[in-house]
Each structure stands twice: as C-alpha cells, then as structure tokens.
Amino acid sequence: MSTIDAPERAAQPIPGPAPRLLTIQAPYYDQVVGGMRRGAERVFAEAGALHQTVDVAGGYELAGGAAHGAVAIRRAL
C-alpha cells in the first residue's frame with residue numbers, strides 16, 4: 001500500500017503537558033524502518049510530543065522492549 005499520493009495532513013497539537021512517547025524499532029530493513037521512524041518523529045514533533053527511540057535486535061524482541069519501557073515509566077512515576 002502506497003501513501004505517495006496521499007494528501008499531507010498536519011498533526012494536531014495535543015492539549016496539556018507534552019506527551020512522552022517511546023518508539024521501539026527492530027531496524028532489520030534500515031531503509032524501510034528508518035523512513036517510518038523519521039515520519040513518526042515528524043508527526044511527534046508537530047504534535048509537541050517528547051519522544052525517544054530504542055533499537056532492539058529483531059521482531060521477537062519488540063515485546064520485551066515494550067515491557068522494559070513500561071517498567072521504566074512506572075519507576076519514573
């Protein structure tokens with residue numbers, strides 16, 4: 001599915017404090033994953049969100065990376 005002809009839409013700012021987002025990626029296909037990450041980062045920036053990207057070794061490790069992020073968030077609160 002291609003979005004090359006899709007109209008550009010600006011991200012809407014999110015009211016309240018800036019959301020904090022964690023992106024977990026398995027950069028096996030660096031060109032594809034990198035493009036997706038850059039697109040997400042652009043939308044996050046337009047929405048005023050704070051974000052961080054973490055790399056994991058592969059697709060099987062994505063769930064573990066998400067669990068690790070959830071634990072870190074709980075500890076920070």
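**Entry 1: the pair at 37 and 41**

I began with glutamate 41, which forms a salt bridge with arginine 37, and I noted 3.5 Å between the closest N and O atoms of the two. I should record at once that this is a predicted model, and I read each distance below with that in mind.

I then looked up where the two residues sit: both belong to helix H1, which covers residues 30–47, and because they are four residues apart there, about one helical turn separates glutamate 41 from arginine 37. For the exposure of the pair, I found glutamate 41 at 25% relative accessibility, which makes it partly exposed, and arginine 37 at 22%, which also counts as partly exposed. As background to this entry, I wrote down that side chains of opposite charge can pair when their charged atoms come close.

**Entry 2: the pair at 42 and 46**

How many salt bridges does the structure hold? I counted two, and so I went on from glutamate 41 to the other pair, in which arginine 42 is bridged to glutamate 46 with the closest N and O atoms 3.2 Å apart. Arginine 42 and glutamate 46 are likewise placed in helix H1, four residues from one another, which is about one turn of the helix. I checked the accessibility here too: arginine 42 is partly exposed at 40%, and glutamate 46 is partly exposed at 33%.

For the charges of the whole chain, I looked up the mean positions of the 7 positive and the 7 negative ones, and these lie 10 Å apart.

**Entry 3: the chain as a whole**

In which order do the elements of the chain run from the N terminus? I read the order as β-α-β-α, with two helices and two strands in total.

I next compared the radius of gyration with the rule for globules: the chain has 14 Å, whereas a compact globule of 77 residues would be near 11 Å. The box filled by the C-alpha atoms, taken along the principal axes, is roughly 40 × 35 × 15 Å. Of the 77 residues in the chain, 18% are buried, and I noted an exposed area of about 6,400 Å² for the chain, 60% of which is supplied by carbon and sulfur atoms.

For contacts between residues at least 6 apart in sequence, I found that 76% join residues at least 24 apart, and I therefore turned to individual residues and their partners along the chain.

**Entry 4: aspartate 55 and valine 56**

I placed aspartate 55 in strand S2, which spans residues 50–55. Its C-alpha atom is 8.5 Å from that of threonine 23, although the two residues are 32 apart in sequence. With neighbours within four places in sequence left aside, I found aspartate 55 in contact with Gln25 and Pro27.

Valine 56 follows in the loop between S2 and helix H2, the latter covering 62–76. Is valine 56 buried or exposed? I recorded it as buried, since its relative accessible area is 15% and the limit for a buried residue is under 20%. Isoleucine 24 lies 32 residues away from valine 56 along the chain, and I read 7.1 Å between their C-alpha atoms. Setting aside neighbours within four places in sequence, I listed the contacts of valine 56 as Ile24, Gln25, Ala26, Pro27, Glu61, Leu62 and Gly65.

**Entry 5: proline 19 and glutamine 12**

Proline 19 is placed in the segment before S1. What does proline 19 touch, when residues up to four places away in sequence are not counted? I found Ile14, Gly48, Ala49 and Leu50. I also looked up its distance to valine 56, and these two residues, 37 apart in sequence, are 23 Å apart in space from C-alpha to C-alpha.

Glutamine 12 is also found in the segment before strand S1, a strand that runs over 20–25. At 61% relative accessibility I noted glutamine 12 as exposed. My last check concerned glutamine 12 and phenylalanine 44, whose C-alpha atoms are 9.8 Å apart, with their positions 32 residues apart in sequence.

Conventions. Residues numbered from 1 in each chain as written. Predicted model: local features only at pLDDT ≥ 70, side-chain atom pairs only at ≥ 80, totals over all residues. Heavy atoms only, no water. Rg over C-alpha atoms; globule rule 2.2 N^0.38 Å. Buried < 20%, exposed > 50% of the residue type's maximum accessible area, 1.4 Å probe, protein only. Contact = heavy atoms within 4.5 Å. Areas by Shrake-Rupley, 256 points an atom, 1.4 Å probe, with all protein chains shown as cover. Lys, Arg positive; Asp, Glu negative; His and termini not counted. Charge placed at Lys NZ, Arg CZ, Asp CG, Glu CD. Salt bridge = Lys/Arg side-chain N within 4 Å of Asp/Glu carboxyl O.
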